[in-house]
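Student: Hi, have you got a few minutes to go through a model with me? I'd like to talk about its sheets, a helix and a couple of odd loop residues.

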Amino acid sequence: MRGRQIPPPAAASRVVILFALLVAALQPPLAAGVDVAAVLAGFPDLAGFARLLASSPVSRELAGRSSLTLLAVPNGNLPQSPSAYAAASGADLADVLRYHILLEYLSPADLRRLPASGKLVTTLFQTTGRAPADLGAVNVTATTGPSSPLAVVRSPAPFPGSNATVLTAVTAVPYNLSVLAVDGLIVPSGFDLAASESRPPAAVNITKVLADARAFNVAASMLEASGVADEFEADERGAGITVFAPTDDAFAGLPAGDRLQSLPAERKAVVLRFHVLHSYYPLGSLESIVNPVQPTLATEFTQAGRFTLNITRANGSVAIDTGVVQATITRTVFDQNPVAVFAVSKVLLPKEMFSRSSDSAIVAVASAPPPVPLPVAESPESARTPPTKLSSPPALRDTAGDANHTSAAAKGTIGRWCIALLYLLPLLVPLV
């Protein structure tokens, strides 16, 4: 018995199938997320806000997301220190940034169609689980009038909260990302800026900041063991400090001949001080720094013009040149006036203590001058006029008084050789 044959589809059926395939081919592909950093790169006036996103965990959370509205703050409307602004309210800067990312695409046309009562829109902050009820949302309300702004964004909480005005629509990737410029940072509900302004800021424990950041274990342990971290609190109370922290990978990448770990404790401390500027510089200030040659904390223990860093902007990053090593800032670890901590790609080795040999290996300079002055007996006259921090170390000054010039020169030479030998002995012992 012959099997029954299946008849071919009718002509009408073939037309339906072909039409369905054509419609499917014309549909846009499913959204796989939008590169927010790439979109913002075309708008220099939003560069500060873009850097905040890039240096925070928020940038990773945006990967793969689509159908977003970004409330971006122009450079001129950003607080001088966004981290300090957020911390003053009891909030974390990353959470403040999450509060500026609406999980819904809102175009200017959508804003004009909003009801008079406004619309409650969930933000990325709501996804953290730290926002009770709907306090991780914002209420977006349209405004009326030809000269009125596009909309107002405010907290949904019944008590006074932070709010911002939508200044203009910046750009859009249709149905994926809408970028709206707002006139200031918005703090999530439940934080009180006014109540915290009267509290004096506590000193920042930089060792703990580095330990919590997880990629700076070597730097944190060296600061703790050397006692250099104890010097930071007094500096914070003045002009502030800026710390360049090498990552664990930076320490692991040191050449075998650098001899950093074999240095005496006091010289290691100088290298650590060499990573610190005695002023608070947020990233934006470093990018536009007027005087590229900056003294470090190590400069204060030697003399002016020594142990300085050359800071410039190169290839879109902040570059740091020590004369031996060229490093770059890879990210912001902490930024809260008066303290800024940045990750750097290499350990900063001063040219006064290290040099690069003919085969490009970095070696310790055996004849480097003592970076920390040794205590020596001084005459009563010199005791009455102590040197400033940036003067020559006492051990290198001529204290012969009015004695014979030739004899004084000989004594000074012998003294300097003795001091040099004291510093050379720790370096020569490992070579024996």
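Student: Which strands form the open sheet with E9 in it, and in what order?

Tutor: Happy to help, and bear in mind that this is a predicted model. That open sheet has 7 strands in the order E9-E8-E14-E13-E12-E11-E10, with mixed pairing. Its edge strands are E9 (276-277) and E10 (293-295), each of which pairs on one side only.

Student: What packs on that sheet?

Tutor: Helix H9, residues 206-213, packs on it and touches strands E8 (241-246), E13 (326-336) and E14 (339-344). The direction of H9 makes about 105 degrees with that of E13.

Student: And how many bridges join E11 to E12?

Tutor: There are 5 bridges between E11 (residues 308-314) and E12 (residues 317-321), and the two strands run antiparallel. If you want a pair to look at, find Thr312, which stands opposite Ala319 in E12.

Student: Let's switch to the sheet with E2 in it. What's the strand order there?

Tutor: Reading across, the order is E2-E1-E7-E6-E5-E4-E3, so to speak a list of 7 strands in an open sheet with mixed pairing. The edges are E2 (101-102) and E3 (119-122), and each pairs on one side only.

Student: E7 caught my eye. Is E7 mostly covered or mostly open, and how many of its residues are buried?

Tutor: Mostly covered: 6 of the 6 residues in E7 are buried. Both faces are covered, with Leu177, Val179 and Ala181 on one side and Ser178, Leu180 and Val182 on the other.

Student: How does E7 pair with E1?

Tutor: E1 and E7 pair in the parallel sense over 5 bridges. Leu71 is the residue that stands opposite Leu180 in E7.

Student: What about E7 and E6, parallel or antiparallel?

Tutor: Antiparallel, with 6 bridges joining E6 to E7. Here Ala172 stands opposite Ser178 in E7. The two strands form a hairpin with 3 residues between them.

Student: Which residue in that turn has a positive phi?

Tutor: Tyr175, whose phi is about 65 degrees although Tyr175 is not a glycine. Tyr175 lies in the loop between E6 (163-173) and E7 (177-182).

Student: Why does Tyr175 count as exposed?

Tutor: Tyr175 counts as exposed because its relative accessibility is 68%, and the cut-off for exposed is over 50%.

Student: Where else is there a positive phi in a residue other than glycine?

Tutor: Ser67 has one, with phi near 55 degrees. Ser67 sits in the loop between H4 and E1. Ser67 is partly exposed, at a relative accessible area of 30%.

Student: Back to E6 for a second. How does E6 pair with E5?

Tutor: E5, residues 151-154, pairs with E6 in the antiparallel sense over 4 bridges. The bridge partner of Val152 is Thr165 in E6.

Student: Last topic, helix H3. Which residues of H3 are buried?

Tutor: H3 covers residues 47-54, and Gly48, Phe49, Ala50, Leu52 and Leu53 are buried there.

Student: What do the buried residues of H3 pack against?

Tutor: They pack against four helices and a strand, namely H2 (36-40), H4 (58-61), H5 (82-88) and H6 (93-98), together with strand E1 (68-72). That E1 is the strand we met earlier, pairing with E7 in the parallel sense.

Student: Great, that gives me plenty to look at. Thanks!

Definitions and conventions:
Residues are numbered from 1 along each chain as its sequence is written. This is a predicted model: local features need pLDDT of at least 70, side-chain atom pairs count only at pLDDT 80 or more; totals for chains, interfaces and linings use all residues. Side-chain values use heavy atoms; hydrogens and water are left out. Buried means under 20% relative accessible area, exposed over 50%, partly exposed in between (1.4 Å probe, protein chains only). Contact means heavy atoms within 4.5 Å. Two strands pair if DSSP finds at least two bridges between them. Axes are lines fitted to C-alpha atoms, for helices over the stretch in contact, and angles run from 0 to 180 degrees between N-to-C directions.
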